[in-house]
Amino acid sequence: QVQLVESGGGLVQAGDSLRLSCAASGRTFSYAMGWFRQAPGKEREFVAAISRSGWRTDYADSVKGRFTISRDNDKRTLTLQMNNLKPADTAVYYCAACSQPLSYYTTENTPGRYDYWGQGTQVTVSS
């Protein structure tokens, strides 16, 4: 079992930066990890993913060049650095872990393939 707790959300202005963190506890932190977000009235969508080793990352087109996902397996922490935020980035952001037997180089961007989810942290970007 894996427990995930997000932090770092808040209210910022367009163009500002935020850094989200996800602390993992429980059985293992060797899973592929990802960040997803859900805006009011919309489905949960993929934001960024990182492989088990951290050697490979993947991003949604809407955040490429602005967001960076990283992990510290020793500290059991997943991070999402968000720069040049836009009002369209407003959403609840979720950290997730995928326990599928993926290789060290594989990322996963399908929400249904993730087994563990955090409670979410609100990010609001004003114009």
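Student: Which residues touch the most other members of the largest nonpolar core?

Tutor: This is a predicted model, in which local features need pLDDT of at least 70, side-chain atom pairs count only at pLDDT 80 or more, and totals for chains, interfaces and linings use all residues. Residues are numbered from 1 along each chain as its sequence is written, and side-chain values use heavy atoms, with hydrogens and water left out. A nonpolar core is a set of buried Ala, Val, Leu, Ile, Met, Phe, Trp, Tyr and Cys residues joined through side-chain atoms within 4.5 Å, where buried means under 20% relative accessible area, exposed over 50% and partly exposed in between (1.4 Å probe, protein chains only). Of the 38 residues in the largest core, those that touch the most other members are Leu 4, Trp 35, Leu 80, Met 82 and Tyr 93.

Student: Which element gives the most residues to this core?

Tutor: Elements are DSSP runs numbered from the N terminus, with at least four residues for a helix (H or I) and at least two for a strand (E). Those giving two or more residues to the core include strand E1 (2-7), strand E3 (18-26), strand E8 (77-82) and strand E9 (91-98). With six residues, the element that gives the most is E9.

Student: Which residue of E11 stands opposite Tyr 93?

Tutor: E9 and E11 run antiparallel and are joined by three bridges, where pairing requires that DSSP find at least two bridges between the strands. Along E11, Thr 121, Val 123 and Val 125 point to one face and are buried, whereas Gln 122, Thr 124 and Ser 126 point to the other and are not. Among the residues that Tyr 93 touches (heavy atoms within 4.5 Å) are Val 123 and Thr 121. The residue opposite Tyr 93 is Thr 121.

Student: What is the handedness of the disulfide between Cys 22 and Cys 95?

Tutor: Cys 22 and Cys 95 have their sulfur atoms 2.1 Å apart, and a disulfide is a pair of cysteine sulfur atoms within 2.5 Å. The pair links distant parts of the chain, with Cys 22 in strand E3 and Cys 95 in strand E9, 73 residues apart. The torsion about the S-S bond is about -70°, so the disulfide is left-handed.

Student: How far is the sulfur of Cys 98 from the closest cysteine sulfur?

Tutor: Cys 98 counts as buried, since its relative accessibility is 0%. The closest cysteine sulfur is in Cys 95, too far away for a bond, and the distance is 12 Å.

Student: Which residues are linked with Arg 37 in a network of salt bridges?

Tutor: A salt bridge places a side-chain nitrogen of Lys or Arg within 4 Å of a carboxyl oxygen of Asp or Glu, and by this rule the count comes to five. Arg 37, buried at a relative accessible area of 6%, meets Glu 45 in one salt bridge (2.6 Å, N to O), while Arg 66 forms another with Asp 89, the closest N and O atoms being 2.8 Å apart. The residues linked with Arg 37 in the network are Glu 45, Arg 66 and Asp 89.

Student: What is the distance of the polar contact between the side chains of Asp 89 and Arg 37?

Tutor: Asp 89 lies in the loop between E8 and E9, and its relative accessibility of 1% is why it counts as buried. A polar contact is a pair of N or O atoms within 3.5 Å; within protein, one must be able to donate a hydrogen and the other to accept it, and residues adjacent in sequence count only if both atoms are side-chain atoms. For the side chains of Asp 89 and Arg 37, the distance is 2.9 Å.

Methods
Lists of a residue's contacts leave out its neighbours within four places in sequence.
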